[in-house]
Amino acid sequence: MHNTEIAPYSAFYLIGMGGAGMSVVAELLLAEGFTVAGSDMHDSLRLGELHSKGATVFIGQRVCHVPAGYVVVVSTAIKDDNPDLAGARAQGNTVIHRSQALAFACGGRDFVAVAGAHGKTTTSGMIACALAFAGSDPSWAIGSSIAGLGSGGHLGKGGVFVAEADESDGSFLNYSPRVSLVTNVEPDHLDHYGSREAFEEVFVEFSRRLVSGGVLIVCSDDDGARRLGMHAVKDNLRVISYGRGQGVPGAEKHVLLRDAGSHTRGQGNGAGYCDVSNSGKDTGSDARSGEGNCSTIVEGFREVPLKLNVPGHHNELNAVGAWAVGVELGVHPETMAKGLETFRGTGRRFEWKGEVGGISVFDDYAHHPTEVAATLQAAREKAGEGRVLVVFQPHLYSRTRAFAKEFAKALETADVAIVAGVYGAREQPFDGIEGSTITDNMAHGRFIPDRFEAGLALLEQARPGDIVLTMGAGDITDVAPILVERLERR
C-alpha cells in the first residue's frame, strides 16, 4: 500500500505534531523506523512522549524548521501562511496530507477504516481491544488513548490496521480499506460540504474505495447509513448491516442487536447487556416488534451474549459494529464478544476524572447533538437516583449556528445545563453566534462565556450522588481536573 510518491523517502516532518491525530501518525512512523521531526505551537506531554521515542521536536512556528529532503505532513487545519509549510514549499519539500502518511504507515496490512459523524473513536478502540484479546496483535491509529492498551497509535505484528477515517474534509478518500465500518451519516461539517446531500455523497465515494472483495458494514438504525448501504448494494458491493431494527435490503447479512431487558440496567458500572444475533440474509424483519425473519430463522442462527463495561445504548450499537468487523476478519464470534468485554473506554469518552464526597466528575468529547444526547443518556443510567449536571462548550461557530436547536433539545435532558463560549478552533467568530445561541432555545439553560467560571458555577449546584460532566471537543477538558481539585478543597 506504500504510496509511490513518498516510498523513496525515509524522513518525515509533521506540522502540528502534538495534535491527537498527527501524534498518532508520528508514533507509527517512528515504530516503522523512519526519521521523524515536527513542530507545534505549544509544548505538551504528548510531544514529550514522542521526543522520548526519538522524534525531534520544535516548539513554536515563527520560522521554518523543516530540513531539506523531509516529507512534510499536514492536516487541513494547517494554513498556507504557516512558516513551516511556506518554507517547506519554497525549498521544494514534498507535502502530503496526514491521511496519506497514515496509509503509508499502514504498509500492506488489511486496512479497517471506521467512519461516521460520531462514534469513530470508541468503535475503533473496541475493535483494537477485541483483536488484541484474540491474539492478532493489530496495529491501530486512534485519536485518543485506549484504556488497557495505552497510546492511540500502535504498530503490531499482525496483518490488520484499524484507523479512524476522518470525513470532515474528505481526506478518508485517501484510504483503500479491506473493511469500512460506518456508524452513522448524520449531517456535520456543513461549513465544508454545504448540504446534507453533499455530505452523504462523500460517504458513497468512500464506500467505493474498498479493495476488491472488501466489505462495507453499516448501522442500519441510522437513516443516512442505511441509505449508504442501499446505495452500496446497487453498486454490487458487499454489505453487512447491523442494528436493533431492520437491516439493509439486499445486504449479505444483518447482525441483530437484542436488548437483554431492563433488569440489567443501572447495575454495577452501568454496563449494558445484549444478544448479538447473526441472522444471515435480511428480508425486512423488525427486531423491535419481535416479528419477522430474524426471530424465526433457526438454521445458521447464532446468538452471542455480549456484556459491556462502558455505559449507554449507543455503545451497544458501537460494539455490535465492532463485533461484525472482527467476525469478518476471521475472529471466532464468541472470542470477539469476550474481547469487547475488555474495552473500558478511551480518553475523553465519558472519562472518569474523580469522585469526592459522592460527586463524580466525568469529561466527554461529545460535540454533535446526537453525541450530546447519547452521552447524557449514559450519564443518566450511571447516575441512578442522582442528577446529571453538564457544562457544554460548543465547537465551531458554523456547527453552533447549524444545530443550535438540536443542541438545546439534547442539553435539556440534563438536570442542570450551562453553556460556555464557542471554541472556534479553525474558525473566526461569526456575528451573532455564541453559546447563548443555544441557551436562547432552552427553557432552563444558562450561558456563561468563560469555561472555568461556567464549570465552577455548575459545581456550586452539585450534591452527593450527582454526576458533573464537562463536555465538548475544545479546551473544556481543562476544566474537569480543576473541578475535582475544588471538590477536594471544600
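This is a guided tour of one predicted model, with selections to make in turn and a description of what is found at each stop.

Residues are numbered from 1 along each chain as its sequence is written, and side-chain values use heavy atoms, with hydrogens and water left out. Because the model is predicted, local features need pLDDT of at least 70 and side-chain atom pairs count only at pLDDT 80 or more, whereas totals for chains, interfaces and linings use all residues.

**Stop 1: aromatic pairs**

Begin by selecting Phe 34 and Phe 104, whose rings form a tilted aromatic pair, 5.3 Å centre to centre and with 45° between the planes. Rings of Phe, Tyr and Trp (its six-membered ring) pair if their centres lie within 6.5 Å, and planes under 30 degrees apart count as stacked, over 60 as edge-to-face and the rest as tilted; by this rule the model has 12 aromatic pairs. Phe 34 lies in the loop between helix H1 (20-31) and strand S2 (35-40) while Phe 104 lies in helix H4 (residues 98-106), so the pair ties together parts that are 70 residues apart in sequence. Helices (H or I, at least four residues) and strands (E, at least two) are DSSP runs, numbered from the N terminus. Phe 34 is buried at 18% relative accessibility, and Phe 104 is buried at 2%, where buried means under 20% relative accessible area, exposed over 50%, and partly exposed in between (1.4 Å probe, protein chains only).

Next select Phe 199 and Phe 203, an edge-to-face pair with 5.3 Å centre to centre and 65° between the planes. These two residues are 4 apart in helix H7 (residues 196-207), and are therefore separated by about one helical turn. An α-helix has 3.6 residues a turn, so residues three or four places apart point the same way. Both Phe 199 and Phe 203 are buried, and if Phe 172 and Phe 206 are added to the selection, the four residues make up one aromatic cluster.

**Stop 2: the nonpolar cores**

Keep Phe 203 selected, and ask which residues touch the most other members of the largest nonpolar core. Among the 50 residues of that core, they are Leu 14, Leu 29, Val 182 and Phe 203, a nonpolar core being a set of buried Ala, Val, Leu, Ile, Met, Phe, Trp, Tyr and Cys residues joined through side-chain atoms within 4.5 Å. H1 gives the most to this core, with 7 residues. Leaving aside neighbours within four places in sequence, Phe 203 is in contact (heavy atoms within 4.5 Å) with residues including Ala 115, Phe 172, Val 182 and Leu 228. Apart from this core lies another, of 38 residues, among them Val 114, Leu 181, Val 215 and Ala 324.

**Stop 3: helix H11**

Now select helix H11 (residues 333-341), in which the buried residues are Pro 333, Met 336, Ala 337, Gly 339 and Leu 340. These residues cover an arc of only 160° around the axis, which puts them on the same side of H11; the arc is that of the directions from the helix axis to the C-beta atoms. Among the elements that cover the buried residues of H11 are helix H5 (120-133), strand S15 (302-311) and helix H10 (313-328).

**Stop 4: an open sheet**

Moving on along the chain, select the 6 strands that form an open sheet of mixed pairing, in the order S16-S17-S21-S18-S19-S20. Two strands pair if DSSP finds at least two bridges between them, and the edge strands, strand S16 (351-356) and strand S20 (446-447), each pair on one side only. S16 runs antiparallel to strand S17 (residues 359-364) and is joined to it by 5 bridges; Gly 354 has Val 361 in S17 as its bridge partner.

Add H16, which lies across S16, S17 and S21 and runs at about 15° to S16. Axes are lines fitted to C-alpha atoms, for helices over the stretch in contact, and angles run from 0 to 180 degrees between N-to-C directions.

**Stop 5: three loop residues**

Select Gly 474, in the loop between strand S21 (467-471) and helix H16 (479-489), which is buried at 10% relative accessibility. Not counting residues up to four places away in sequence, Gly 474 touches Arg 348, Gln 393, His 395 and Tyr 423.

Then select Phe 350, in the loop between H11 and S16, which has a positive phi of about 50° although it is not a glycine. Phe 350 is buried, at 14% relative accessible area. Finish at Asp 137, in the loop between H5 and strand S7 (139-141), where phi is near 45° and the residue is partly exposed, at 31% relative accessibility.
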